[in-house]
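Student: I want to learn how to read the features of a protein model. Can you take me through one, step by step?

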Amino acid sequence: MKKKQHQLRKTTIALLMAVSNSSLFLLTSSLFLLPSSLLISCGNTKKSTTEATTVANPVGPVFSADSAYLFCEQQCAFGPRTMNSAAHEQCGEWIARKFHDYGMQVTLQRADLRGYDGTVLKSTNIIASYRPEQQDRIMLCAHWDSRPWADNDPDEANHHTPVMAANDGASGVAVMLEIARLLSAPDTTRTTNLPIGIDFVCFDAEDWGTPQWAEYDGSGDTWALGSHHWAEQFSAQASKPRVRYGILLDMVGGEGARFYQEQMSTYYAPSVVKKVWAAAEAVGYGSYFPKSEGNGITDDHLPVNQKAQIPCIDIIPHYPDCEASGFGPTWHTIHDDMQHIDRNTLQAVGQTLIQVLFSEQ
């Protein structure tokens with residue numbers, strides 16, 4: 001049967017025209033499957049040994065890549081966290097418990113959402129708040145569900161196999177958990193009391209978007225369902241906290257990752273992009289954050305910007321020389337596993353975020 005090409009949540013998009021803050025015309029381009037021989041040849045698939053260069057005015061505690069790696073591994077130990085599965089339910093409970101153990105106020109935002117094929121998805125957005133009494137807040141977010149289908153795998157036999165999602169799912173949550181751990185650590189609480197609150201938001205139902213092999217002619221966005229629901233609920237509140245900005249973490253643990261300035265981020269939140277990239281340079285990880293434009297991505301940050309009206313950026317890798325996918329060779333394949341998680345990438349992103357948070361006044 002001839003396969004139809006469908007719009008992907010993370011396909012390359014070019015901004016053609018801005019109609020309003022919540023309406024954009026987007027042009028998508030397709031990704032192509034490659035033989036397995038090319039899977040390991042694009043990008044830097046070796047463990048990076050790059051160390052941080054000389055730092056300038058670093059602030060805050062030292063981010064532990066080993067701890068973040070363990071958090072990533074512990075999520076994967078449940079298996080693929082696909083919607084409506086036992087692994088998904090168990091891992092969600094574990095994530096909520098970890099944030100609670102680190103002193104965060106945890107709220108579970110449950111909803112029945114509908115997938116592209118009509119499947120009812122039992123979704124849970126996990127919201128963990130540091131200093132919930134503070135009205136001035138910063139939002140860190142990532143999705144925690146796994147892709148149900150490895151539909152970008154070079155082997156068609158794997159296209160209906162669930163993805164472990166060590167990078168595309170677990171890595172962002174792992175970085176947030178490590179930051180929560182550091183915020184609750186005695187050494188931190190004894191010396192620092194951040195003047196702002198932080199909301200760690202784990203979005204669900206992000207990766208149920210239409211698979212490449214599906215016969216589907218429907219309209220509407222089938223991706224990032226959990227963040228759409230969160231943004232709608234936030235915007236409906238009569239009294240809202242002042243969220244200064246948001247930072248989305250998507251695939252922040254991959255080998256050879258470099259985080260270019262994503263186009264929708266520079267459109268909606270240019271000052272936040274400038275802040276984060278300056279922080280990376282300040283702590284010696286500027287090489288991981290090139291000051292060059294990447295692609296425009298349909299991701300969880302769009303409803304945060306468009307519906308919740310919170311300026312939010314997307315820290316997401318761009319592999320310009322990888323033909324299998326601009327998101328790297330393991331994206332939506334069975335190879336998105338712990339063997340392809342790099343502690344150095346986790347360290348670069350985590351220490352950059354620490355610099356951002358502890359620089360706030």
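**Reading the model**

Tutor: We start with one residue. At 31% relative accessibility, K307 counts as partly exposed. Keep in mind that this is a predicted model.

Student: Which residue forms a salt bridge with K307?

Tutor: E232 does, and the closest N and O atoms are 2.8 Å apart. E232 is also partly exposed, at 38% relative accessibility. The pair links distant parts of the chain. E232 sits in helix α6 (residues 225-235), and K307 in the loop between α9 (301-306) and β8, 75 residues apart.

Student: How many salt bridges does the structure hold?

Tutor: Twelve. One of them joins R242 to D136, with the closest N and O atoms 3.1 Å apart. R242 lies in strand β7 and D136 in strand β5 (residues 136-143), so this pair ties together parts that are 106 residues apart in sequence.

Student: Where do R242 and D136 fall on the scale of exposure?

Tutor: R242 is partly exposed, with a relative accessible area of 49%. D136 is partly exposed too, at 22%. The cut-offs matter here: buried means under 20%, and exposed means over 50%.

Student: Which residues are joined into one network by salt bridges that share partners?

Tutor: D136, R242, R244, K275 and E360.

Student: Are R147 and D151 buried or exposed?

Tutor: Both are buried. They form a salt bridge, with the closest N and O atoms 2.8 Å apart.

Student: Now the sheet. How do strands pair in general?

Tutor: Strands of a sheet pair through backbone hydrogen bonds, either parallel or antiparallel. Here an open sheet of six strands has the order β3-β4-β6-β5-β7-β8, and its pairing is mixed.

Student: Which strands stand at the edges?

Tutor: β3 and β8. Each has a single partner strand, so one side of each is left without a neighbour in the sheet. From one strand to the next, the twist averages 20°.

Student: How many bridges join β5 to β6?

Tutor: Seven, and the two strands run parallel. As one case, C141 has V201 in β6 as its bridge partner. β7 (residues 242-249) and β8 also run parallel, joined by four bridges. There, L249 stands opposite I315 in β8.

Student: How should I read side-chain directions along a strand?

Tutor: In a regular strand the side chains alternate between the two faces of the sheet. Take β8 (residues 312-315): C312 and D314 point one way, I313 and I315 the other. All four are buried.

Student: Next, the empty space. How much lies in the second largest pocket?

Tutor: About 370 Å³. The pocket is lined by 19 residues, and the closest to its centre are I127, S129, D199, Q237 and P241. Read the lining by element next. β3 (105-114), β4 (120-130), β5, β6 (197-203) and α6 each supply at least two residues. Then read this lining by class: nine nonpolar, eight polar and two charged residues.

Student: And how many cavities of 30 Å³ or more does the structure hold?

Tutor: Two. The largest cavity has about 100 Å³ of space. Of its 13 lining residues, G254, E255, Y319, P329 and T330 are the closest to the centre.

Student: What classes make up the lining of the largest cavity?

Tutor: Four nonpolar, six polar and three charged residues.

Technical notes
Residues are numbered from 1 along each chain as its sequence is written. This is a predicted model: local features need pLDDT of at least 70, side-chain atom pairs count only at pLDDT 80 or more; totals for chains, interfaces and linings use all residues. Side-chain values use heavy atoms; hydrogens and water are left out. Buried means under 20% relative accessible area, exposed over 50%, partly exposed in between (1.4 Å probe, protein chains only). Two strands pair if DSSP finds at least two bridges between them. A salt bridge is a side-chain nitrogen of Lys or Arg within 4 Å of a carboxyl oxygen of Asp or Glu. On a 1 Å grid over the protein atoms alone, a cavity is a set of points where a 1.4 Å probe fits but cannot get out, and a pocket is an open set with protein on both sides within 12 Å along at least five of seven lines; lining residues have an atom within 4 Å of a point. Grid points are joined across faces, edges and corners, and a volume is the space filled by probe spheres set on the points. Ala, Val, Leu, Ile, Met, Phe, Trp, Tyr, Cys and Pro count as nonpolar, Asp, Glu, Lys and Arg as charged, and the others, Gly among them, as polar. Axes are lines fitted to C-alpha atoms, for helices over the stretch in contact, and angles run from 0 to 180 degrees between N-to-C directions.
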